[in-house]
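Biologist: Please take a close look at one loop of this protein and the strands around it. I should then like to see how that part sits within the whole chain.

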Amino acid sequence: MDLFEYMGMQRKKEESPLAVRMRPRTLEEVAGQKHIIGKDRLLYRAIKADKISSLIFYGPPGTGKTTLAKVIANTTSADFVQMNATTSGKKDMEQAVSQAKDSYGMFGKKTILFIDEIHRFNKAQQDYLLPFVEDGTVILIGATTENPYFEVNSALLSRSKIFHLEPLSEEDICTIIRTAVTDPERGMGSYGAKITEEALHFLAQMAGGDARTALNAVELGILTTTPGEDGKILIDLSVAQECIQRKAVNYDRDGDNHYDVISAFIKSMRGTDPDAAVFYLAKMLDAGEDPAFIARRIMICAAEDVGNADPQALCVAVAASQAVERIGMPEARILLSQAASYVASAPKSNACIMAVDKAMSMVRNTPTGQVPPYLRDAHYGGAKKLGHGIGYKYAHDYPENYVKQQYLPDEIKEERFYEPTENGYEKTIKVHLEHLRGREE
């Protein structure tokens, strides 16, 4: 390396984005992902012992896939070769494999081959790596934002351990931001900047679990904000909003406003206002509310406030909830919008919840007697001697599959719990029940 190359590398290092400079160098510096790199976890022990086997890191952007690969590079005694599948091809892999063979043959050193965006390699490129991964010529570390079970060859998967990285928590990102603002060596500490708690938590929340997004916003804010009269750069909420191009939403997931918004969301669906329901849905999603939580509330509303006026509402809500779990954000917003607008637009009835609450109140507070003998289980020896099942009328033996028969205990035989309304499909249920009961007279 000549002087100009050295100076160029130093300049590039100094001018690297904050997110690159702040990349952890050791396992202890890594924020989050304790489910895979906690001190009692397999990956932590393997890295510390320098006993890495082929790995696939899978997770959203900014969660530490490349970071973990770099930590391994700093920890291992093996050679470390990095390439990106978007810019590398088979020729690059052939060169890496050739170097790995030479390194092991001459010095007995293993080679770790880190391939970022490995899902972008086609099948033939992935197949090329197979024999060299299998015979240990290279130890493969792949990183991907896509589900490896769909995007990586099954043969490679069978030879690799898969680790799923989760989005970083708000607390993790707050820690990363604080360090970046104050670190004078790799961070922005030399600028003497300060960040308010309000701005800190706003950036951490808006980053959506992506540390890179948060650090890019912090760097932009510090580099473009004019120092105040005290010579200090202050990153407050207004600066943070401008840097991340998002407005602060008046929504605190742990405070009163959280309950106010979810309450307004439910009442809008109950009140048959799909526009308001979708608005409050958007407000919650924009503030980072858990989509699974929202889906649960829609399911409850479908049963409590729509009920049998439109039984399909619960089917739509449950299907949306299951799909949200499988798909995730940002596409999950579409599923939630469909479910919320359907439930909000459906005819309403609270007859189901009124029925069960009345029944539960009676069970708890009133002597309700015993199950009539003819309704009791008769599928065991000796049941008939006890009178169980004797006199039971099998409904399917009668016209319209109905026969007059007392099902409630004697003490409450005249009670009515479920009272269908005149709304939607429940009107059909009401007419049907009245028709059958009219035959009793």
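Modeller: The loop that runs from strand S3 to helix H7 (123-134) holds Glu117. In this model, which is predicted, the phi angle of Glu117 is near 55 degrees, a positive value in a residue that is not glycine. Most residues other than glycine have a negative phi.

Strand S3 comprises residues 111-116 and pairs with S4 in the parallel sense, over five bridges. Within this pairing, Asp116 stands opposite Ala143 of S4. The loop that carries Glu117 therefore follows a strand that is itself paired with S4.

Strand S4 (residues 139-144) deserves attention next. Six of its six residues are buried, so the strand is largely enclosed by the rest of the structure. In a regular strand the side chains alternate between the two faces of the sheet. Both faces of S4 are covered: Ile139, Ile141 and Ala143 are buried on one side, and Leu140, Gly142 and Thr144 are buried on the other. Ala143, the residue opposite Asp116, thus belongs to the side that also holds Ile139 and Ile141.

S4 has a further parallel partner in strand S1 (residues 55-58), to which four bridges connect it. Leu55 has Ile141 of S4 as its bridge partner. In S1, Leu55 and Phe57 point one way, while Ile56 and Tyr58 point the other way. These four residues are all buried.

S1 is also joined to strand S5 (residues 161-164), again by four bridges and with the two strands running parallel. Here Phe57 has Phe163 of S5 as its bridge partner. S1 thus pairs with S4 and with S5, while S4 pairs with S3 as well.

Other loops offer points to set beside Glu117. Glu400 lies in the loop between helix H19 (351-365) and helix H20 (424-438). Its phi is near 60 degrees, which is again a positive value in a residue other than glycine. With a relative accessibility of 45%, Glu400 falls between the limits of 20% and 50% and so counts as partly exposed.

A further departure concerns a peptide bond. Most peptide bonds are trans. Met329 and Pro330, however, are joined by a cis peptide bond with omega of about 5 degrees. Pro330 is located in the loop between helix H17 (312-327) and helix H18 (332-345).

A loop residue may also be covered. Glu289 is in the loop between helix H15 (274-286) and helix H16 (291-306), and because its relative accessibility is 8%, it counts as buried. Gln205 is 84 residues away from Glu289 in sequence, yet the two C-alpha atoms are 10.0 Å apart. Glu289 is in contact with Ile294, a residue of helix H16. Ile294 has a relative accessible area of 0% and is therefore buried. Beyond its neighbours within four places in sequence, Ile294 also touches Phe265, Leu281, Met284, Leu285 and Leu336. From Ile294 to Glu426 the C-alpha distance is 26 Å, at a sequence separation of 132 residues.

Helix H5 (residues 65-75) supplies another buried position, Val71, whose relative accessibility is 0%. Leaving out residues up to four places away in sequence, Val71 touches Pro24, Arg25, Thr26, Leu27 and Val30. Arg23 is 48 residues from Val71 in sequence, with 9.1 Å between their C-alpha atoms.

These parts belong to a protein with 20 helices and seven strands. Its radius of gyration is 32 Å, well over the 22 Å that the globule rule gives for 441 residues, so the protein is more spread out than a compact globule. The C-alpha trace spans about 105 × 65 × 35 Å along its principal axes. Of the 441 residues, 41% are buried. Among contacts with a separation of 6 or more, 71% involve residues 24 or more positions apart.

As for the surface, the protein exposes about 24,900 Å², of which carbon and sulfur atoms supply 52%. The chain has 52 positive and 61 negative charges, and the mean positions of the two sets are 5 Å apart.

Notes. Residues are numbered from 1 along each chain as its sequence is written. This is a predicted model: local features need pLDDT of at least 70, side-chain atom pairs count only at pLDDT 80 or more; totals for chains, interfaces and linings use all residues. Side-chain values use heavy atoms; hydrogens and water are left out. The radius of gyration is taken over C-alpha atoms; the globule rule is 2.2 Å times the number of residues to the power 0.38. Buried means under 20% relative accessible area, exposed over 50%, partly exposed in between (1.4 Å probe, protein chains only). Contact means heavy atoms within 4.5 Å. Accessible areas come from the Shrake-Rupley method with a 1.4 Å probe; for residues, only the protein chains shown count as cover. Lys and Arg count as positive and Asp and Glu as negative; His and the chain ends are not counted. The place of a charge is taken as NZ of Lys, CZ of Arg, CG of Asp or CD of Glu. Two strands pair if DSSP finds at least two bridges between them.
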